[in-house]
Amino acid sequence: MAPIEYNRNPEEKKGTRDGFGKALVEIGEKDPDAWALTADVSESSRTHWFSEKFPSRFVQVGIAEQNMAGVAAGIASCGKRPFISAFGEFSPGRNWEQIRVSICYNNVPVVIHASHTGITVGPDGASHQILEDLALMRALPNMNVVVPCDFEQSKKATWLLYEQNMPGYMRTSREKVPIITTPETPMELGGSNLYKEGRDLAILSHGPVLHQSLLAAEGLEKEGISAAVVDMYSIKPIDEERIKALAKETGLILTAEEHQVSGGLGSAVAEVLSSFRNDAVLRRHGIYNRFCESGSAKELLGKYELDSKGIAEVAKEEVKKNKG
Amino acid sequence: MPRRFPKTNDLKKLKLIANSIRKDVIEMLEEAKSGHSAGSIGLADIFTALYFNVLYHDPKDPEWGERDRLVLSNGHVCPVMYAALAEAGYFPKEELMTLRKLGSRLQGHPHRGSLPGIENSSGPLGQGFSIAVGMAIAAKRERKRWRVYTIVSDGEQQEGQVWEAAMLAYKFRLGNLTAIMDRNNIQIDGFTEEVNPLEPIVAKYRAFGWHVIEVDGHNIKKIIDACEESKAIYERPTMIIAHTIPGKGIPFMEFLTEWHGKPPTKEQAAEAYKILELDRREVEEE
């Protein structure tokens with residue numbers, strides 16, 4: 001399959017949370033049953049555009065994420081389509097049980113938008129850098145999990161989860177990231193986008209780290225290493241066929257994400273690889289069972305080897321170890 | 001036209017229904033060999049008042065859009081809700097005997113979608129209260145005429161989520177929300193006031209902006225009256241604190257915390273039927 005075009009020289013940068021906020025307004029315009037709730041973070045989670053336009057469908061719950069999940073479930077059970085927004089640390093960090101029972105077990109169409117996820121939250125430090133949310137959400141029945149890589153994909157992710165009419169989770173970030181996709185770039189549940197082909201290994205990534213992976217692969221090319229790069233934006237369901245094909249074609253898969261190496265994309269890929277006979281090697285790269293620290297997003301991506309340089313180093317190490 | 005079915009103001013009839021519900025609960029729990037006896041039995045009068053007088057609902061059309069919503073927050077007392085639903089005609093009474101068994105629609109804690117008449121999956125305490133608040137917000141914003149009723153337990157008040165929900169219900173002045181607290185004073189590890197005191201619970205809800213009514217939770221007339229009173233309070237939600245006796249009506253269960261989470265044995269059930277039969281005759285002769 002031919003790779004999808006992407007912007008190699010992106011000039012504009014925007015946060016994925018902005019894409020969510022914009023799409024939320026679009027959905028509000030189209031669907032009079034769309035609602036939004038937030039827990040004292042309307043501007044930073046970008047629900048303020050919706051609240052200004054549709055105040056009668058907006059609910060400010062205050063600093064009470066557990067209640068927010070339940071209130072949204074109640075609103076949804078009246079035929080409405082609520083979106084709940086807060087920092088990922090608090091939702092789904094604090095209200096996992098409410099999401100499990102009030103939303104997933106009730107099976108009501110609440111979309112959970114977690115902003116400020118991962119180390120790219122930056123200076124706020126480890127308490128606010130949720131690195132476990134994908135593990136928490138991926139394990140839940142009835143839940144879809146999507147991570148957009150830029151502003152355009154974030155708009156699509158919001159629509160995509162809304163269209164499923166069931167519980168959904170999307171993870172966005174505070175950091176502005178280059179817009180490498182277009183409104184035409186595909187996005188579907190259980191899909192993935194191959195942006196670059198490669199023979200030696202495949203780098204699977206999501207969110208802000210995807211662009212770093214692309215830059216890493218471009219650099220590796222100059223050193224004679226051919227790396228495929230795939231945006232695995234749909235964490236659940238996951239594109240099993242893509243993973244199987246890449247395992248066969250390259251024999252070496254590297255997952256790169258700003259998430260603990262346990263429970264996120266890396267684990268999801270490991271589950272697929274262990275389900276059929278193959279001799280592919282998987283390196284799960286991310287945050288290795290630790291809390292991080294304050295710093296700018298750029299500094300932190302550098303320190304934890306999730307920038308293009310770090311990802312390229314890990315890729316070279318794995319190629320040398322397995323293919324040398 | 002609003003439907004209210006099957007409604008009765010006949011107190012004698014209501015007492016007989018409560019008696020029948022108690023008998024069904026004993027039978028279900030004995031058959032299931034697990035479940036929560038005291039709370040379920042103690043709520044028989046409240047569920048009778050709700051399903052046979054207070055609620056606008058239609059057992060033949062459980063999804064009727066204009067129905068009042070009854071959100072059970074303390075899901076562990078679901079046997080009494082199942083018995084009331086069956087008594088009202090939502091599903092055949094024979095099905096009650098499948099409680100907690102493989103393949104049953106009567107899950108150990110209620111599951112929305114499995115059984116008609118169940119508005120929410122519940123069990124983890126505190127969650128139903130938030131769901132009820134969400135429904136009331138949606139109904140109020142759209143000027144719906146239907147009301148939201150929610151049943152909460154007293155031990156449940158120890159969950160922080162309850163107070164998050166209580167604050168928000170006042171913020172939005174949810175006059176369309178009536179909560180009924182089963183104040184039976186027991187929880188798994190003992191008496192609420194020993195485990196983690198709730199008192200002064202009336203003052204707490206008043207301080208949170210709620211209209212608070214205290215009633216005898218076994219006086220069906222008073223429960224109905226309190227619900228009617230709550231409808232007349234427009235600018236704030238109502239908390240009806242219903243003082244109940246856990247296991248009420250079955251003397252060997254009454255007041256004992258040990259009956260919170262266990263079912264009666266065959267012999268105990270037989271004893272309970274005898275007591276309930278005597279009660280039934282007494283009501284008939286009133």
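Chain B and chain A each bring 22 residues to the contact between them, where two residues count as in contact if their C-beta atoms, placed from the backbone, lie within 7 Å. This is a predicted model, in which local features need pLDDT of at least 70, side-chain atom pairs count only at pLDDT 80 or more, and totals for chains, interfaces and linings use all residues. Residues are numbered from 1 along each chain as its sequence is written, while chains are lettered from A and ligands numbered from 1 in the order in which they are written.

**The side of chain B that touches chain A**

- Helix H5 (127–141) and helix H6 (160–171) of chain B each supply at least two residues to this side, helices being DSSP runs of H or I with at least four residues, numbered from the N terminus.
- H5(B) gives the most, with 11 residues.
- By class, this side of chain B has 10 nonpolar, 8 polar and 4 charged residues, with Ala, Val, Leu, Ile, Met, Phe, Trp, Tyr, Cys and Pro counted as nonpolar, Asp, Glu, Lys and Arg as charged, and the others, Gly among them, as polar.

**Helix packing in chain A**

- H3(A) (residues 65–76) and H4(A) (residues 96–105) pack at an angle of about 5°, with their axes 9 Å apart, and are therefore roughly parallel to each other (angles under 35 degrees).
- Gln66(A), Ala69(A), Gly70(A) and Ala73(A) of H3(A) meet Gln98(A), Ile99(A), Ser102(A) and Ile103(A) of H4(A), and the residues of this contact divide into 4 nonpolar, 4 polar and no charged.

**Confidence**

- The model scores ipTM 0.95 and pTM 0.96.
- Chain B averages a pLDDT of 95, and 98% of the residues score at least 70, pLDDT being the predictor's confidence in each residue, from 0 to 100.

Terms used: Axes fitted to C-alpha atoms, helices over the stretch in contact; angles between N-to-C directions. Parallel < 35°, antiparallel > 145°, perpendicular 65-115°, else oblique.
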